[in-house]
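Q: I'm new to this one and would like a close look at a single part, plus enough of its surroundings to place it. Please talk me through it informally.

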Amino acid sequence: MSEGTKRERILEAAVAVFAEKGYHQARIEEIAARAGVGKGTVYEYFASKLELFQEMFRAVLGRYYERLQSVREEGLTVVERLRLLLELHLDFISQNARFARVAFADGVGYDQELAFWIYEQRKAKLERMRALFEEGIDRGEFRPVDAAIAASIFIGAMTSLIVPIVMECQEADPSNLAREAMDILMKGLEV
């Protein structure tokens, strides 16, 4: 078995155990058993439970950002791409709700490097969204507005829509929820 495979199995096992038990109740022994390796093997790759959690967090968030970046133009309007981004976001969170609850609500402190990485990812996401809204304005899909504010509002909506999924364990149909949210965001509330 390759070293990369062992490390990946440990990270996948960590996602499952941290999601089930929470950070503070999870034990390295459980993660090792789930990965099919010895406890010492986990420590060959990760110096501590906190480092394992942080690396697992990076890996899961990395998959999330890769998924969002996979949305390319391919003849879609900006509104269609925004709806697709929202749907992918909701689907990812629905599939990883237990992990998200641990990652965002378990009170685990992040080291400065991880916190900076998360901040940089969010900044890049906001910049991509701003550029997308500017494109929509340039194409005449949106009225002229401040694209940075529009991007912040859209990301805020993305974030608020996951709260019931993550914190209240509510089931969600990502496609339907994205469609309804986009209808409100794009058409507003006025009659």
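A: Let's start with confidence: the mean pLDDT of the protein is 87, and 92% of its residues reach 70 or more. pLDDT is the predictor's own confidence in each residue, on a scale from 0 to 100. So yes, this is a predicted model, in which local features need pLDDT of at least 70 and side-chain atom pairs count only at pLDDT 80 or more, while totals for chains, interfaces and linings use all residues. Residues are numbered from 1 along each chain as its sequence is written, and side-chain values use heavy atoms, with hydrogens and water left out.

Confidence varies by element: helix 2 (residues 28-35) has the highest mean pLDDT, 96, and helix 6 the lowest, 73. Where pLDDT is low, the predicted coordinates shouldn't be read in detail.

Now the setting. The protein has nine helices and zero strands, where helices (H or I, at least four residues) and strands (E, at least two) are DSSP runs, numbered from the N terminus. Read from the N terminus, the order is α-α-α-α-α-α-α-α-α. The C-alpha atoms fill a box of roughly 60 × 30 × 30 Å along the principal axes. Of the 191 residues, 38% are buried; that means under 20% relative accessible area, with exposed over 50% and partly exposed in between (1.4 Å probe, protein chains only). Among contacts with a separation of 6 or more, 72% join residues 24 or more positions apart, a contact being heavy atoms within 4.5 Å.

The part to zoom in on is where helix 1 meets helix 4. Leucine 11 belongs to helix 1 (residues 3-21), and methionine 56 belongs to helix 4 (residues 49-69). Methionine 56 has a relative accessible area of 1%, which is why it counts as buried. Leucine 11 is buried too, because its relative accessible area is 9%.

What does methionine 56 touch, leaving aside neighbours within four places in sequence? Its contacts are Leu11, Ala14, Val15, Phe18 and Phe99. Take valine 15: it is 41 residues from methionine 56 in sequence, yet their C-alpha atoms are 6.7 Å apart. Seen from the other side, leucine 11 touches Phe46, Leu52, Glu55, Met56 and Ala59, again not counting residues up to four places away. For a sense of scale, the C-alpha atoms of leucine 11 and cysteine 169 are 23 Å apart, with their positions 158 residues apart in sequence.

Next, the loop between helix 5 (78-95) and helix 6 (97-105), where asparagine 96 is found. Asparagine 96 is buried because its relative accessible area is 15%. A polar atom of its side chain lies 2.8 Å from the backbone oxygen of phenylalanine 92.

Further along the chain, helix 7 (residues 112-138) holds glutamate 127. With a relative accessible area of 39%, glutamate 127 is partly exposed. Its C-alpha atom is 9.7 Å from that of alanine 147, 20 residues away along the chain.

That brings us to the last pair. Helix 8 (residues 147-167) and helix 9 (residues 174-187) pack at about 145°, with axes 12 Å apart. Axes here are lines fitted to C-alpha atoms, for helices over the stretch in contact, and angles run from 0 to 180 degrees between N-to-C directions. From helix 8, Phe154, Ala157 and Leu161 meet Leu177, Ala181, Met182 and Leu185 of helix 9. Those residues divide into seven nonpolar, no polar and no charged. For that count, Ala, Val, Leu, Ile, Met, Phe, Trp, Tyr, Cys and Pro are nonpolar, Asp, Glu, Lys and Arg are charged, and the others, Gly among them, are polar.

Finally, proline 174 lies in helix 9. Proline 174 is buried, since its relative accessible area is 12%. Beyond its neighbours up to four places away in sequence, proline 174 touches Glu87, Leu90, Asp91 and Ser94. Glutamate 30, by comparison, is 144 residues from proline 174 along the chain, and their C-alpha atoms are separated by 32 Å.

Key. Polar contact = N/O pair within 3.5 Å; in protein donor to acceptor, adjacent residues only side chain to side chain.
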